[in-house]
Amino acid sequence: MRVTYQAVERLPKQIDQGVLYHSKEFEVAALSCACGCGHRVMLLVPDSHQVFEQNGLATVRPSISVCDAPCKSHYVISRGDVEWLPAFSAAQASSVMRNQIARHVVHD
């Protein structure tokens, strides 16, 4: 699967598989999980992730760990290519979620 980059003012309600939508104004990005499960993955940019566009293809750093969906997918996107990584354990996923919540509490 290739992931293309699409700059948008606001994230669309309906998102297409294989497209990363990025709103620079609102500092968020969204995509449908690369595994195909249909889970909507939200990324806070630049708080938790960095998103880049290269020749119409998406790059996301660091890795995307889908801790809040049954698929538990974990991957990076580089120039549109998805590279699969080992899934996080339950303890790792819980730690990631707690750290994200703590960052938001401090930031807000």
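A residue is called buried when its relative accessible area is under 20%, exposed when that value is over 50%, and partly exposed in between. With this term in hand, one may examine the structure above, which is a predicted model.

The overall plan comes first. The protein contains 1 helix and 8 strands, and along the sequence these elements follow the order β-β-β-β-β-β-β-β-α. The radius of gyration is 13 Å, close to the 13 Å that the globule rule gives for 108 residues, so the protein is as compact as a globular protein of that length. Along its principal axes, the C-alpha trace spans about 35 × 30 × 25 Å. Of the 108 residues, 36% count as buried. The accessible surface comes to about 6500 Å², and carbon and sulfur atoms supply 53% of this area. Among the contacts with a separation of 6 or more, 30% involve residues 24 or more positions apart.

Strand β2 offers a useful place to study burial in detail. This strand covers residues 19-23, and 5 of its 5 residues are buried, so β2 is largely enclosed by the rest of the structure. The side chains leave the strand in two directions: Val19, Tyr21 and Ser23 point one way, while Leu20 and His22 point the other way, and all are buried.

Which strands pair with β2? One partner is strand β1, residues 4-7, which pairs with β2 in the parallel sense over 4 bridges. Within this pairing, Thr4 is placed opposite Val19 of β2. Another partner is strand β3, residues 28-32, which runs antiparallel to β2 and is joined to it by 3 bridges. Here Ser23 has Val28 of β3 as its bridge partner. Strands β2 and β3 form a hairpin with 4 residues between them, and Glu27 in the turn has a positive phi of about 55°.

The cysteines raise a further point. How many disulfides does the structure hold? The number is 0. A disulfide requires two cysteine sulfur atoms within 2.5 Å. The sulfur of Cys35 has its closest cysteine sulfur in Cys37, at 3.5 Å, and therefore the two are too far apart for a bond. Cys67 likewise forms no such bond, because its closest cysteine sulfur, in Cys71, is 9.7 Å away. As for their surroundings, Cys35 counts as partly exposed because its relative accessibility is 38%, whereas Cys67, at 10%, counts as buried.

Conventions: Residues numbered from 1 in each chain as written. Predicted model: local features only at pLDDT ≥ 70, side-chain atom pairs only at ≥ 80, totals over all residues. Heavy atoms only, no water. Buried < 20%, exposed > 50% of the residue type's maximum accessible area, 1.4 Å probe, protein only. Pairing = 2+ DSSP bridges. Rg over C-alpha atoms; globule rule 2.2 N^0.38 Å. Contact = heavy atoms within 4.5 Å. Areas by Shrake-Rupley, 256 points an atom, 1.4 Å probe, with all protein chains shown as cover.
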